[in-house]
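Biologist: Could you take a close look at one part of this complex for me, the place where the two chains meet? Please set it against the rest of the model as you go.

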Amino acid sequence: MKLNLKIWRQENATAPGGIHTYELDDVSEDMSFLEMLDVLNEQLNAEGEEPIAFDSDCREGICGQCSLMIDGEAHGPEVTTTCQLHMRSFRDGDSITIEPWRADAFPIVKDLVVDRSAFDRIIQQGGYISVNTGAAPDAHATPVPKDKANRAFDVATCIGCGACVAACPNGSASLFLGAKITHLGELPQGQAERDTRVVNMIGQHDAEGFGGCTNIGECTAACPKEIPLDVISRLNWDLHAALRHGK
Amino acid sequence: MTDLPDTTNSFDSSRTLDAAALAEREGAQQTDDAADYYVDGDPIQDTKAPGGPLEERWNTRQFEARIANPANRRRLSVIVVGTGLAGASAAATLGEAGYVVKSFCYQDSPRRAHSIAAQGGINAAKNYKGDGDSVYRLFYDTIKGGDYRSRESNVYRLAQVSTSIIDQCVAQGVPFAREYGGLLDNRSFGGVQVSRTFYARGQTGQQLLIGAYQALERQVAAGTVKCYTRHEMVELIVVDGRARGIIVRDMVTGEIETYFADVVVLASGGYGNVFFLSTNAMGCNVTAAWRAHRKGALMANPCYTQIHPTCIPVAGAHQSKLTLMSESLRNDGRIWVPKNQADCGKDPREIPEEDRDYYLERIYPAFGNLVPRDIASRQAKNMCDEGRGVGPEVDGVRRGVYLDFAEAIDRLGRKAIEDKYDNLFDMYARITGEDPYTSPMRIYPAVHYVMGGLWVDYDLQSTIPGLFVTGEANFSDHGANRLGASALMQGLADGYFVLPNTIRDYLAEGPFEKIAEDDPAVVEAQQSVKSRIEQFMTTNGTRSVDSYHRELGHIMWEYCGMERSEDGLRKAIDLIRSLKEDFWRNVRVLGSAESMNQSLEKAGRVADFFELGELMCIDALNRRESCGGHFRAESQTEEGEALRHDDQYAYVAAWEWGGADEKPILHKEHLTYEFVEMKQRSYK
């Protein structure tokens, strides 16, 4: 198929950016979206134009490094990561607009690459269970009911890609935050730090410039791992509990 | 080299051979396949593993290894390169112990390292199922699975610490699969007859890595670890014979930065991307390890490559990577091809039972579809070479076999299969556009893991004092082949439990003398980094880096892949050499070195892959036997099974860098088995 690509290009964080238009022929429907961009980059390199910078690593939908707003949707039209989106989701002659994640808290590094280190700093504020290596009891010392273990797993599948933020009109990271709060809060091991965790992580979230949640739900619709919206209820519940406990 | 600390091994990297000795050694090797390509060096040995009863050795070493005074630790600095399981766990644990840790990764966050993509599970000798598992059995299975090419002491230790890993991860909140009683579930995995594999659906690597990542971020908050993301190590700094720092390129600004420490840990992963197409992430590379190799660290058994049998077949020329389907699928899926070539293009559902060849069940009735990875891979290749492959023709050959769940869905119900594998089935459907619940999957082998890596002693220290290597980047525990669900085990064993207990012996001598910024070794290293980048930016040729990488990968897959032969390997070496020459003359890297430049990043990695690829071929040429992941066409039984030659090759081949355009030097570490009897492997 033949495509008309409108792609955001920006030299660095401070330079002005803009949409550039490229034509690409012979795109196969078996290509992944990023393989399509690889082919475009080969073409640009041959023509003497610098290839387009974009993030990707595992290309199997698990590392969370790839991003991209595709026609205004985070990770494009399917419920998956950009690297797992395939060109069979598009048609010959399509015009596709490709932009970086859009959020104040994710500044642009170059072209389609953004800086998501704010997520690491949120995790630093309590997104863990404090146990030094070697200090753990036997793994069977504490049984975990299967439904709680499953729930913890389901929300722990968050890949930290930032699609929830990019999709949210407020640029809120509440889904990301709620997923981690729920993951650790479901487990007996996570109870000791439950109150301080939620207060500190939300504090960092706000300090990073992410917006507040107004229950729009775009985040969960865009999430490639289908993290459910109710983790945000859990986040708020835990926050209220922590405040009641005087944290 | 002077003032070698007494903790170093017996290998002396400053040794030089005089010309006569070289000629004599070369003469002695004339009958070897690889004689023209290398120089014979002195044997080496691991001097750190204690003797005595196997089960006491690790305790002995932990006791004998000195302890760095707790008050001193905040003056002792450690650099850790890589944030996968082996790197993040090491950095976190060393931070907890109070050392000053700097952690580096090329990704935009430590959480993205490629350990995250491991699907199947992690082994541990917990014997929670009461099915006869034990530390000794895990040890024995690992030695046997490695085809008797690993060290008994190392492997026993790995099995011993495996149980602590599970405890640690559960305490961190890793959501392993559980039974209704709330206890942990296990499954059997990859050619093993006990259920010792712990798992988190098909995303075990992700969950373990998130656990290690969170432990790491906790230390960042505590101020013991500083993380440098989007920083790629491009050189090792060796001063007075000790590893004392690294040079990195800030991938955002392009700045070349120098960091010093008392000790450097490489946890930089494997080099499967030398094949271009592999299941590795796009950025996985050998550069950190190769730079260390060029500075004197030996590279051991580079030809030992694991080809994973259950990957999604290549779809076309645009392919950028291959996707693995966890081999846990082999527990329930049955592998087959049509008996008749005429059926290969048909809809598989229309091929009747009697016209299907369940070839693994036929050839290996005891293990069936659960034979080790190398056997499953090679048999798939054999079936396709016979013309019985399935799926679309690529370059005139159908390269795929069926992995069929119809019988399992009948027996267990669709729901049970969904519970076990839904994410894998979804991934398959997304990539291929086919539904594996109603039609069999198509699979084909792909490069997945490398057992080879930098040579380390029992302490995980390389031949450069102060340079330690963990995880897939070292060669230590898997011998010639790795069992399923053992990579995660080794990464975390190294990072959480082994390295922190051995590195302290080295650090007990520190802090070492501060290094001057203008030390000649530092200046030289910085200069070489800058001039290499300069060369890439000014060559201004006509071919992209990717095009070279793709061609190199094709050579490697063709001649140093599932089956290697003398003629093929010689041809590969010639092809690699001429392609490398062309690369340096004709590569095109556009843009600027002073900003993010993904072509430039790739150019540095591919340049190192050329040198590694050549060494892999030489190593494969030298090893005229078939063992584990290395199959030499010249060494097989009449039935076409791998044939080892323990009398000639029961050694670790540890290669010393001989210099650019010079021959590498082979040091042999002979393997002795005190506890396990070496047997020719049989899965029939």
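Modeller: Let's start with what "in contact" is taken to mean here: two residues are in contact if their C-beta atoms, placed from the backbone, lie within 7 Å. Keep in mind that this is a predicted model. On that criterion, 66 residues of chain A are in contact with 63 residues of chain B. On the chain A side, at least two residues apiece come from α1 (33-47), β6 (108-110), α2 (117-124), α3 (146-156) and α5 (174-186). The top contributor there is α1(A), which puts in six residues. Sorted by class, the side of chain A that touches chain B holds 27 nonpolar, 24 polar and 15 charged residues. As for the predictor's own scores, the complex gets an ipTM of 0.98 and a pTM of 0.94.

Chain A itself has an internal contact to look at. The domain assignment splits the chain into domain 1 (3-110) and domain 2 (116-132 + 141-244). Their C-alpha centres lie 28 Å apart. Where these two domains of chain A touch, domain 1 supplies 18 residues and domain 2 supplies 17. The domain 1 side of that contact has nine nonpolar, six polar and three charged residues.

Now for the packing. The largest nonpolar core has 288 residues, and A:C164, B:V265, B:L266 and B:L454 are those with the most contacts inside it. Helix α16 (residues 598-622) of chain B provides the largest share of this core, 13 residues. If you zoom in on B:L266, you'll find that it touches B:L454, along with B:V81, B:G82, B:A288, B:A289, B:A292, B:L467, B:V469 and B:A473, leaving out residues up to four places away in sequence.

For another spot on chain B, try B:S565, in the loop between α14 (545-559) and α15 (566-586). B:S565 counts as partly exposed because it has 16 C-beta neighbours inside 10 Å, and the buried class needs 20 or more. Setting aside neighbours within four places in sequence, B:S565 is in contact with B:R632, B:A633 and B:E634. Its C-alpha atom is separated by 39 Å from that of B:N423, 142 residues apart along the chain.

One last check, on confidence. Chain B has a mean pLDDT of 93, with 95% of its residues at 70 or more. Over residues 1-30 of chain B, though, pLDDT stays under 50, and the model has 35 contacts beyond four places in sequence for that stretch.

How values were computed: Residues numbered from 1 in each chain as written. Chains lettered and ligands numbered in written order. Predicted model: local features only at pLDDT ≥ 70, side-chain atom pairs only at ≥ 80, totals over all residues. Core = buried A, V, L, I, M, F, W, Y, C linked by C-beta atoms within 7 Å. Buried ≥ 20, exposed ≤ 12 C-beta atoms within 10 Å, placed from the backbone. Helix = DSSP H or I, 4+ residues; strand = E, 2+ residues; numbered from the N terminus. Nonpolar A, V, L, I, M, F, W, Y, C, P; charged D, E, K, R; others polar. Domains from an automatic or database assignment. pLDDT = per-residue confidence, 0-100.
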